[in-house]
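Here's a quick briefing on aromatic ring pairs and a charged surface patch. Take a look at the model first.

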Amino acid sequence: MKKLKKIAAITMARDDDFFLSRWIAYYGKNLGTENLYILLDGIDQNIPENAGRAHITKLEHIPMSRSGGDKYRIKKLSELAHELLKKYDIVIGCDTDEFLIVDPKTKQNLAQYLSNKKIDTTLSGLGLDVGQHLFNEAILDKCAPFLEQREYALLSTRYTKPVVINKPVNWGSGFHSIKHHNFHIDKNLYLLHFGAIDMDMLEQKAKKRGTDWLNHLKRRGNGTINAVTKSKSKSEKWLNIARFLQTYFRPIYALRKPAMFGLKIVVKIPNRFKKSGI
């Protein structure tokens, strides 16, 4: 086993105490809270109670369009990563509802696994968009681990993100790409996205945004939750199939992004992933 590399994790959040505290708990356990760097969008934002030794910077909130806000946030985070790579070997950048895990079959934690990898500028985990099965799964218990309550995920190119970097590069909005760099999808890494983990949470969020948002959600549902609820789940072998497709095929309009030919495959999350503690 090689000596552990210095690894930092970064994110940016606004009005997101629930997921941010989970993000801190997970990455703090794997990397140490002293290696977490969090930008809070607004000087009015609360610092989570479990922040520990995390480095937290509050920024003045600037009202922007959705597109403008996305570009602003990723520019700030890319600049932060550039600075951190002067003293860290690796930086992980992701949203607060995204968790990069190592397949427990490797018997290594995240820091150990990344320390033993030869990284060519970027590294990605296979994207798993976790959703609530409305017929089989209850409202989320916010005090219990996610993967003890949710068993299904949509295989998603959207969440196969190049979240691991070891050189100063510029991410595209939402960490979905890196300018001028290809994807390197690791065979043992997975990026789990939990934005659609609970319909009740989505409805509460939509309600705060206005009646139109709530009515739209109730009419159309959520794409991930709809797929998870209505589709028959596939076996674990589809993880390898999806990784192969996303590694070797690209859409004509975006040759640096992974493709799945429009396939919407729902898989049952391997039971061993619960060992991640998420």
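Phe146 and Phe194 are both buried (under 20% relative accessible area, 1.4 Å probe, protein chains only). Bear in mind that this is a predicted model, where local features need pLDDT of at least 70, side-chain atom pairs count only at pLDDT 80 or more, and totals for chains, interfaces and linings use all residues. Residues are numbered from 1 along each chain as its sequence is written, and side-chain values use heavy atoms, leaving out hydrogens and water.

**Aromatic pairs**
- The whole structure has 16 aromatic pairs, meaning Phe, Tyr or Trp rings (the six-membered one for Trp) with centres within 6.5 Å.
- Phe146 and Phe194 have ring centres 4.8 Å apart and planes at 45 degrees, so they're a tilted pair (under 30 degrees would be stacked, over 60 edge-to-face, the rest tilted).
- Since Phe146 sits in the loop between strand 6 (122–131) and strand 7 and Phe194 in strand 9 (residues 185–196), the pair ties together parts 48 residues apart in sequence.
- Ring pairs also join Phe146 and Phe194 into a cluster with Phe18, Phe19, Trp23, Tyr26, Tyr27 and Phe99.

**A pair in helix 7**
- Phe244 and Tyr248 are tilted too, because their centres are 5.0 Å apart and their planes at 50 degrees.
- Both belong to helix 7 (residues 237–248), 4 residues apart, or about one turn.
- Phe244 is partly exposed at 47% relative accessible area, while Tyr248 is exposed at 59% (exposed is over 50%, partly exposed lies between that and buried).

**Positive patch**
- Arg66, Arg158, Lys205, Arg209 and Lys257 gather in a positively charged surface patch (like charges within 9 Å, over 30% relative accessible area, no salt bridge, that is, no Lys or Arg side-chain nitrogen within 4 Å of an Asp or Glu carboxyl oxygen).
- Arg158 is in the loop between strand 7 (152–155) and strand 8 (164–165), and is partly exposed at 48% relative accessibility.

Notes:
Patches are made of residues with over 30% relative accessible area and no salt bridge: like charges are joined within 9 Å, nonpolar side chains (Val, Leu, Ile, Met, Phe, Trp, Tyr) within 5 Å. Accessible areas come from the Shrake-Rupley method with a 1.4 Å probe; for residues, only the protein chains shown count as cover. Lys and Arg count as positive and Asp and Glu as negative; His and the chain ends are not counted. The place of a charge is taken as NZ of Lys, CZ of Arg, CG of Asp or CD of Glu. Helices (H or I, at least four residues) and strands (E, at least two) are DSSP runs, numbered from the N terminus.
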